[in-house]
Amino acid sequence: MKKNDLSEAASNMLIFSSVSLAVVPFLLGDRLIPIVTGFMRDGGLMITHLSDYVQWLFS
């Protein structure tokens with residue numbers, strides 16, 4: 001019985017996240033592009049720092 005509850009909760013969460021992702025561009029409008037580019041820049045910086053740390057760790 002618990003597997004069904006967990007599966008139903010996961011399904012509901014997936015539906016909610018899909019709907020949220022579809023609605024976000026309409027809510028943010030013109031601010032969406034600067035927010036996405038900021039996230040991409042920060043993500044790239046984080047990956048760079050992580051790769052530097054891994055290189056330092058194994059050298």
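**Legends to close-up views of a two-helix chain**

**View 1. Tyr53 in the predicted model.** Tyr53 counts as partly exposed because its relative accessibility is 44%, a value between the 20% and 50% cut-offs for buried and exposed. The model shown here and in the other views is predicted. Tyr53 is part of helix H2, which covers residues 32-57.

**View 2. A nonpolar surface patch that includes Tyr53**. Tyr53 contributes to this patch together with Leu50, Val54, Trp56, Leu57 and Phe58. The area of the patch is about 710 Å².

**View 3. Val36 and His49.** Val36 is placed in helix H2. Its relative accessible area is 37%, so Val36 is partly exposed. From Val36 to His49 the sequence separation is 13 residues. The distance between the C-alpha atoms of Val36 and His49 is 20 Å.

**View 4. Phe39 and Phe58.** Phe39 is also a residue of helix H2. Because its relative accessibility is 62%, Phe39 counts as exposed; the cut-off for this class is over 50%. Phe58 lies 19 residues from Phe39 along the chain, and 28 Å separates their C-alpha atoms. Phe58 is one of the residues of the nonpolar patch in View 2.

**View 5. The whole chain, for orientation.** How many helices and strands does the protein chain have? There are two helices and zero strands. The C-alpha trace spans about 50 × 40 × 5 Å along its principal axes. The radius of gyration of the chain is 19 Å, whereas a compact globule of 59 residues would have one near 10 Å.

**View 6. Surface and charges of the chain.** Of the 59 residues in the protein chain, 2% are buried. The accessible surface of the chain amounts to about 5700 Å², and carbon and sulfur atoms account for 72% of that surface. The chain carries 4 positive and 5 negative charges. Between the mean position of the positive charges and that of the negative charges the distance is 5 Å.

How values were computed:
Residues are numbered from 1 along each chain as its sequence is written. This is a predicted model: local features need pLDDT of at least 70, side-chain atom pairs count only at pLDDT 80 or more; totals for chains, interfaces and linings use all residues. Side-chain values use heavy atoms; hydrogens and water are left out. Patches are made of residues with over 30% relative accessible area and no salt bridge: like charges are joined within 9 Å, nonpolar side chains (Val, Leu, Ile, Met, Phe, Trp, Tyr) within 5 Å. Accessible areas come from the Shrake-Rupley method with a 1.4 Å probe; for residues, only the protein chains shown count as cover. A salt bridge is a side-chain nitrogen of Lys or Arg within 4 Å of a carboxyl oxygen of Asp or Glu. Helices (H or I, at least four residues) and strands (E, at least two) are DSSP runs, numbered from the N terminus. Buried means under 20% relative accessible area, exposed over 50%, partly exposed in between (1.4 Å probe, protein chains only). The radius of gyration is taken over C-alpha atoms; the globule rule is 2.2 Å times the number of residues to the power 0.38. Lys and Arg count as positive and Asp and Glu as negative; His and the chain ends are not counted. The place of a charge is taken as NZ of Lys, CZ of Arg, CG of Asp or CD of Glu.
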